[in-house]
Amino acid sequence: MQRVLHPVNARLDEHLPSDHKLSKVYRAGAGLTGLLLVAFGILGLVDRIGFFDTGGDTVLALNTNGALSVLSICIGGLLFVGMVIGGTFASTLNIVLGVAFILSGFVNLALLDTGFNFLAFKIPNVLFSFVVGVMLMWFGMYGRVGSALPHDNPYWRARHPEQAAREKQQAAAVVPVD
């Protein structure tokens, strides 16, 4: 049962320090996406569009209203927090928000021509949601998943603790000749 609940044999926050080189990728992804969302949200609020207005007001070629603008600023701010913290937190945040953006795209696609389209989504918004979701997931999963991770990768070592220990022993046993 323990193997099912914790298949990696390590807690992610224990094996990736926030100053690790992978953290730069996670921070950049969170920061750039957060900047994009905050800019979109601020431009939407500057236009003083109604909070739940579905009249077709556009900002940066995307349909918006006050609620979507405030939501964009909040999510962008959350991504900025991830950028500041870095490490596994930023990676996990990118992945979770990426999945949320993709799910949001599907939900809002289903709500397009209904009275429940409170965020004033149109097809470009749905496509934007999908693109941002995939982009965030890519930034979050970079260096965490893949069939060819190097053996010095902390995620590879966490998934293969026995082999990592053997390789560490072998490296320690090799004595350099002067």
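Before the first helix pair, one definition: axes here are lines fitted to C-alpha atoms, for helices over the stretch in contact, and angles run from 0 to 180 degrees between N-to-C directions. The structure under discussion is a predicted model.

On that basis, I begin with helix 2 and helix 3. Their axes come within 7 Å and cross at roughly 155°. Angles over 145 degrees count as roughly antiparallel, and helix 2 and helix 3 are therefore roughly antiparallel to each other. The crossing of this pair is left-handed. Sorted by class, the contact of helix 2 with helix 3 has 16 nonpolar residues, eleven polar residues and one charged residue.

The second pair is helix 2 with helix 5. Here the axes come within 8 Å, and the crossing angle is roughly 160°. That value makes helix 2 roughly antiparallel to helix 5. This crossing, too, is left-handed. From helix 2, the residues involved are Val-25, Tyr-26, Gly-29, Thr-33, Leu-36 and Leu-37, and they meet Phe-128, Val-132, Met-135, Leu-136, Phe-139 and Gly-140 of helix 5. The contact of helix 2 with helix 5 contains nine nonpolar and three polar residues, with no charged residues.

The third pair joins helix 2, residues 21-46, to helix 4, residues 87-110. The two axes come within 8 Å and cross at roughly 45°. How are helix 2 and helix 4 oriented to each other? The pair is oblique, because an angle of roughly 45° falls outside the ranges for roughly parallel, roughly perpendicular and roughly antiparallel. The crossing of helix 2 and helix 4 is left-handed. On the helix 2 side, Ser-23, Tyr-26, Gly-29, Ala-30 and Leu-37 make the contact, and on the helix 4 side Gly-87, Ala-90, Ser-91, Asn-94 and Phe-101 do so. By class, this contact has five nonpolar residues, five polar residues and no charged residues.

I turn next to the largest pocket. Its volume is about 250 Å³. Which residues are closest to its centre? Of the 17 residues in the lining, they are Leu-68, Leu-71, Phe-101, Ser-104 and Phe-121. Phe-101 has already appeared in this talk, as one of the helix 4 residues in contact with helix 2. The elements that give two or more residues to the lining are helix 2, helix 3 (66-85), helix 4 and helix 5 (123-141). Helix 4 gives the most, with five residues. By class, the lining divides into twelve nonpolar residues and five polar residues, with no charged residues.

Finally, I consider a single residue, Phe-130, which is placed in helix 5. Which residues does Phe-130 contact, leaving aside its neighbours within four places in sequence? Phe-130 is in contact with Ile-102, Gly-105 and Phe-106. For one of these, Ile-102, the separation from Phe-130 is 28 residues in sequence, while the C-alpha to C-alpha distance is 5.0 Å.

To close, I return to helix 2. Helix 2 is roughly antiparallel to helix 3 and to helix 5, whereas helix 2 and helix 4 are oblique to each other. Helix 2 is also among the elements that give two or more residues to the lining of the largest pocket.

Note on methods. Residues numbered from 1 in each chain as written. Predicted model: local features only at pLDDT ≥ 70, side-chain atom pairs only at ≥ 80, totals over all residues. Heavy atoms only, no water. Parallel < 35°, antiparallel > 145°, perpendicular 65-115°, else oblique. Left-handed = near helix turned anticlockwise from the far one by under 90°. Contact = heavy atoms within 4.5 Å. Nonpolar A, V, L, I, M, F, W, Y, C, P; charged D, E, K, R; others polar. 1 Å grid on protein atoms, 1.4 Å probe; cavity = no way out; pocket = protein on both sides within 12 Å on 5 of 7 lines; lining within 4 Å. Points joined across faces, edges and corners; volume = space filled by probe spheres on them.
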